[in-house]
Amino acid sequence: MDQLKRAIRKLEQLQENTAVHGNSASSIMRETGNFLQHDLDEVITLLHDHKLSIESKTTPKAATSEVV
């Protein structure tokens, strides 16, 4: 769950830093560029790891000795 919270926080920071009201276009572009350069890969990795964690908890385990 920490992975999901970290990913959400990174996206919330992007949203705050790129709000149209109170920021110039150059500031928004700079923040967007910083996010793409530094944070996007981390957010994708965090979300992917969280997805795998959920799937491992919900996917039934295959029987190791099945009779054919």
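## Salt bridges and helix packing

The side chains of Glu-55 and Lys-51 meet in a salt bridge, with 3.8 Å between N and O. This pairing comes from a predicted model, as does everything that follows. Why are Glu-55 and Lys-51 separated by about one helical turn? Because they are 4 residues apart in helix H2. The general rule is helpful here: an α-helix has 3.6 residues a turn, so residues three or four places apart point the same way. Glu-55 is partly exposed, at 33% relative accessible area, and Lys-51 is partly exposed too, at 45%. Elsewhere, salt bridges with shared partners tie Arg-6, Lys-10, Asp-39 and Glu-42 into one network.

How many salt bridges does the structure hold? The count is 6. Side chains of opposite charge can pair when their charged atoms come close. Here are some of the pairs, with the N to O distance for each.

| Salt bridge | N to O distance |
|---|---|
| Glu-55 and Lys-51 | 3.8 Å |
| Glu-16 and Arg-9 | 3.4 Å |
| Lys-10 and Asp-39 | 3.3 Å |

In the Glu-16 pair, both partners are partly exposed: Glu-16 has a relative accessible area of 49%, and Arg-9 comes in at 37%.

The bridge between Lys-10 and Asp-39 deserves a longer look. This pair links distant parts of the chain, with Lys-10 in helix H1, Asp-39 in helix H2, and their positions 29 residues apart. Are the two partners buried or partly exposed? Lys-10 counts as partly exposed at 21% relative accessibility, whereas Asp-39 is buried at 19%. The cut-off matters for this reading: Asp-39 is called buried because its 19% falls under the 20% limit.

Asp-39 has further roles in the picture. Its side chain and that of Lys-10 are also joined by a polar contact of 3.3 Å. Leaving out residues up to four places away in sequence, Asp-39 touches Lys-10 and Asn-34. Where is the kink in H2 centred? The centre is Asp-39, and the kink is about 55°.

Now to the buried side of H2, a helix that covers residues 25–58. Its buried residues are Ser-27, Ile-28, Phe-35, Asp-39, Val-43, Leu-46 and His-50. What do these residues pack against? Their partner is helix H1, residues 2–17.

His-50 shows this packing residue by residue. His-50 belongs to H2 and is buried, with a relative accessible area of 12%. Not counting residues up to four places away in sequence, His-50 touches Met-1, Gln-3 and Leu-4. For Leu-4, the C-alpha atom is 6.3 Å from that of His-50, although the two residues are 46 apart along the chain.

Asn-17 offers another view of H1, the helix in which Asn-17 is found. Asn-17 is partly exposed, with a relative accessible area of 33%. Which residues is Asn-17 in contact with, leaving aside neighbours within four places in sequence? They are Asn-23 and Glu-31. The side chains of Asn-17 and Glu-31 make a polar contact of 3.4 Å. C-alpha to C-alpha, Asn-17 and Glu-31 are 6.3 Å apart in space, with 14 residues separating them in sequence.

Terms used
Residues are numbered from 1 along each chain as its sequence is written. This is a predicted model: local features need pLDDT of at least 70, side-chain atom pairs count only at pLDDT 80 or more; totals for chains, interfaces and linings use all residues. Side-chain values use heavy atoms; hydrogens and water are left out. Helices (H or I, at least four residues) and strands (E, at least two) are DSSP runs, numbered from the N terminus. Buried means under 20% relative accessible area, exposed over 50%, partly exposed in between (1.4 Å probe, protein chains only). Contact means heavy atoms within 4.5 Å. A polar contact is a pair of N or O atoms within 3.5 Å; within protein, one must be able to donate a hydrogen and the other to accept it, and residues adjacent in sequence count only if both atoms are side-chain atoms. The bend at a residue is the angle between axes fitted to the seven residues ending there and the seven starting there. A salt bridge is a side-chain nitrogen of Lys or Arg within 4 Å of a carboxyl oxygen of Asp or Glu.
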